[in-house]
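I opened this notebook to record what I looked up in one structure, going from the core outwards to the sheet, the ring pairs and a loop.

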Amino acid sequence: MAETMQTLEELSSLKPAAAAQPPKYVQKLDKQGRAYATGKRKDAVARVWIKMGAGKITVNTRPVETYFARPVLRMLIQQPLVAANRQGQFDVVCTVSGGGLSGQAGAVRHGISKALMRHEPELRPALKRGGFLTRDSRVVERKKYGRAKARRSFQFSKR
């Protein structure tokens, strides 16, 4: 069994185990100076590349204004750039598939946030504070047998 300590001096001589250092985040860019990240939300998956530019956002080879016609979805996509105070400084190119428009906008937002962090690691605290780096894990519950939907029962009739 381990030795027992007799005095406080012996106890103070023990050093605590080295605290685990937080991971160091470094800039990760490809040869064209772009940062890449994958964003996910519901069933949608977005592949996002960002690089320094004029602030042009392209989704599936179309401008963001035509792909996401609703202003709420465009605002959702801009949130990480606004939180990092970088709107109009990055060109964003993304391909998104799966899910509906709302899930795709959430996936693009998640991808932009992660790509921003890879391009400028010092933005991580601001993005983390806004909750943009967390993957929203809520997905649709599957339909069960003997049920109308996931939980809803068929209408009951006594007759």
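For the first entry I take contact to mean heavy atoms within 4.5 Å. The model is a predicted one, and I keep that in mind throughout.

**Entry 1, the core.** I asked which residues have the most contacts inside the largest nonpolar core. They are Phe68 and Leu116, in a core that has 30 residues. When I looked up where these core residues come from, I found that β1, β2, β3, α2 (64–67), α3 (71–83), β5 and α4 each supply at least two of them, and that α4 gives the most, with seven residues. I then followed Leu116 and, leaving aside its neighbours within four places in sequence, noted contacts with Ile50, Pro80, Leu81, Ala84, Phe90, Leu123 and Leu127. As background I wrote down that in soluble globular proteins nonpolar side chains tend to be buried together.

**Entry 2, the sheet.** Next I looked up the strand order, which is β1-β2-β5-β3-β4 in an open sheet of five strands with mixed pairing. The edge strands, each pairing on one side only, are β1 and β4. For the mixed pairing I checked two neighbouring pairs: β2 and β5 run antiparallel over eight bridges, whereas β3 and β5 (residues 90–97) are parallel and joined by three bridges. In the first of these pairs I found Val45 opposite Ser97 of β5, and in the second I found that Val59 has Cys94 of β5 as its bridge partner. Helix α4 (residues 101–119) packs on this sheet, where it touches β1, β2 and β5, and its direction makes about 150 degrees with that of β1.

**Entry 3, the aromatic pairs.** How many aromatic pairs does the structure hold? I found two. One is formed by Tyr36 and Trp49, whose rings are 5.1 Å apart centre to centre with 45 degrees between the planes, which makes the pair tilted. Because Tyr36 lies in strand β1 (residues 35–41) and Trp49 in strand β2 (residues 44–52), this pair ties together parts that are 13 residues apart in sequence. I looked up the accessibility of Tyr36 as well and noted 34% relative accessibility, so Tyr36 counts as partly exposed. The other pair is Tyr67 with Phe68, an edge-to-face arrangement at 4.9 Å centre to centre and 80 degrees between the planes. Are Tyr67 and Phe68 buried or exposed? Both are buried, and I had already met Phe68 as one of the residues with the most contacts inside the largest core.

**Entry 4, the loop between β3 and β4.** My last search was for unusual backbone angles, since most residues other than glycine have a negative phi. Asn60, in the loop between β3 (57–59) and β4 (62–63), has a positive phi near 50 degrees. Thr61 lies in that loop between β3 and β4 too, and although Thr61 is not a glycine, its phi is positive at about 65 degrees. On accessibility I noted that Asn60 has a relative accessible area of 23% and is therefore partly exposed, while Thr61, with a relative accessible area of 75%, is exposed. To place the loop in the sheet, I returned to my second entry, where β4 is listed as an edge strand.

Technical notes
Residues are numbered from 1 along each chain as its sequence is written. This is a predicted model: local features need pLDDT of at least 70, side-chain atom pairs count only at pLDDT 80 or more; totals for chains, interfaces and linings use all residues. Side-chain values use heavy atoms; hydrogens and water are left out. Rings of Phe, Tyr and Trp (its six-membered ring) pair if their centres lie within 6.5 Å; planes under 30 degrees apart count as stacked, over 60 as edge-to-face and the rest as tilted. Buried means under 20% relative accessible area, exposed over 50%, partly exposed in between (1.4 Å probe, protein chains only). Two strands pair if DSSP finds at least two bridges between them. Axes are lines fitted to C-alpha atoms, for helices over the stretch in contact, and angles run from 0 to 180 degrees between N-to-C directions. A nonpolar core is a set of buried Ala, Val, Leu, Ile, Met, Phe, Trp, Tyr and Cys residues joined through side-chain atoms within 4.5 Å.
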